[in-house]
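Here is a small set of exercises to work through with the coordinates open beside you. Try each task before reading on to its solution.

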Amino acid sequence: PELTPLDWAENDAVELGALLKEHGYRVAVLTGSAKDKDARATKANIEKRLAEALDACKPGDTVVVPLTG
């Protein structure tokens, strides 16, 4: 079967990021259309942000990594 594009995936990611921020999470949202090159969903940026998040973790912390697209 042919897969159709996810028209609202980036909007969903931005909304989820905002919701998590409201609840005290430190959030990094990376998207394909970001104007800032450091906020684009490239392999290098994903690896960098994930490493930063994991380095900052303490026992009992939660890391959420939703992927869409």
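**Exercise 1: an exposed loop residue**

Gly-24 is exposed, with a relative accessible area of 67%. Keep in mind that you are working with a predicted model.

Task: Find where Gly-24 sits in the chain, justify its exposure class, and give its C-alpha distance to Leu-3.

Solution.
- Step 1. Gly-24 belongs to the loop between α1 and α2.
- Step 2. The class "exposed" asks for over 50% relative accessible area. Gly-24 has 67%, so it is exposed.
- Step 3. From Gly-24 to Leu-3 the C-alpha distance is 36 Å, with their positions 21 residues apart in sequence.

**Exercise 2: the chain as a whole**

Task: Describe the protein chain by its helices and strands, its extent, its surface and its buried share.

Solution.
- Step 1. Count the elements: the protein chain has two helices and zero strands.
- Step 2. Take the principal axes of the C-alpha trace; the spans are about 45 × 25 × 25 Å.
- Step 3. Add the surface: about 5900 Å² is accessible, and carbon and sulfur atoms hold 56% of that.
- Step 4. Turn to burial: of the 69 residues, 12% are buried.
- Step 5. Look at the contacts with a separation of 6 or more: 21% of them join residues 24 or more positions apart.

**Exercise 3: a buried loop residue**

Task: Is Thr-31 buried or exposed, and what does its side chain reach?

Solution.
- Step 1. Place the residue: Thr-31 is in the loop between α1 and α2.
- Step 2. Buried means under 20% relative accessible area. The value for Thr-31 is 11%, so Thr-31 is buried.
- Step 3. Follow the side chain of Thr-31 to the backbone nitrogen of Ala-34, at 3.3 Å.
- Step 4. List its contacts, leaving aside neighbours within four places in sequence: Glu-10, Val-14, Ala-39, Arg-40 and Ala-41.

**Exercise 4: three residues of one helix**

Task: Assign Asn-45, Ile-46 and Leu-50 to their exposure classes, then look at what surrounds them.

Solution.
- Step 1. Locate them: Asn-45 is in helix α2, which covers residues 43-56. Ile-46 lies in α2, and Leu-50 is found in α2 too.
- Step 2. Start with Asn-45, whose relative accessibility of 11% makes it buried.
- Step 3. Partly exposed residues fall between the 20% and 50% limits. Ile-46, at 39%, is therefore partly exposed, and Leu-50, at 36%, is partly exposed as well.
- Step 4. Inspect the side chain of Asn-45: one of its polar atoms lies 2.9 Å from the backbone oxygen of Arg-40.
- Step 5. Setting aside neighbours within four places in sequence, Asn-45 is in contact with Leu-30, Lys-37, Asp-38, Ala-39 and Arg-40.
- Step 6. With residues up to four places away not counted, Ile-46 touches Leu-30 and Ala-41. The C-alpha atoms of Ile-46 and Leu-30 are 7.5 Å apart, although 16 residues separate them along the chain.
- Step 7. For Leu-50, compute the C-alpha distance to Glu-2: 31 Å, at 48 residues apart along the chain.

**Exercise 5: the largest pocket**

Task: What is the volume of the largest pocket, and which residues and elements line it?

Solution.
- Step 1. Rolling a probe the size of a water molecule over the atoms shows where empty space is left.
- Step 2. The largest pocket has a volume of about 980 Å³.
- Step 3. Its lining holds 33 residues, and the closest to its centre are Ala-28, Val-29, Val-64, Val-65 and Pro-66.
- Step 4. Two or more lining residues come from each of α1 (9-22) and α2. The largest share, seven residues, is that of α1.
- Step 5. Sort the lining by character: 20 residues are nonpolar, six are polar and seven are charged.

Technical notes. Residues are numbered from 1 along each chain as its sequence is written. This is a predicted model: local features need pLDDT of at least 70, side-chain atom pairs count only at pLDDT 80 or more; totals for chains, interfaces and linings use all residues. Side-chain values use heavy atoms; hydrogens and water are left out. Helices (H or I, at least four residues) and strands (E, at least two) are DSSP runs, numbered from the N terminus. Buried means under 20% relative accessible area, exposed over 50%, partly exposed in between (1.4 Å probe, protein chains only). A polar contact is a pair of N or O atoms within 3.5 Å; within protein, one must be able to donate a hydrogen and the other to accept it, and residues adjacent in sequence count only if both atoms are side-chain atoms. Contact means heavy atoms within 4.5 Å. On a 1 Å grid over the protein atoms alone, a cavity is a set of points where a 1.4 Å probe fits but cannot get out, and a pocket is an open set with protein on both sides within 12 Å along at least five of seven lines; lining residues have an atom within 4 Å of a point. Grid points are joined across faces, edges and corners, and a volume is the space filled by probe spheres set on the points. Ala, Val, Leu, Ile, Met, Phe, Trp, Tyr, Cys and Pro count as nonpolar, Asp, Glu, Lys and Arg as charged, and the others, Gly among them, as polar. Accessible areas come from the Shrake-Rupley method with a 1.4 Å probe; for residues, only the protein chains shown count as cover.
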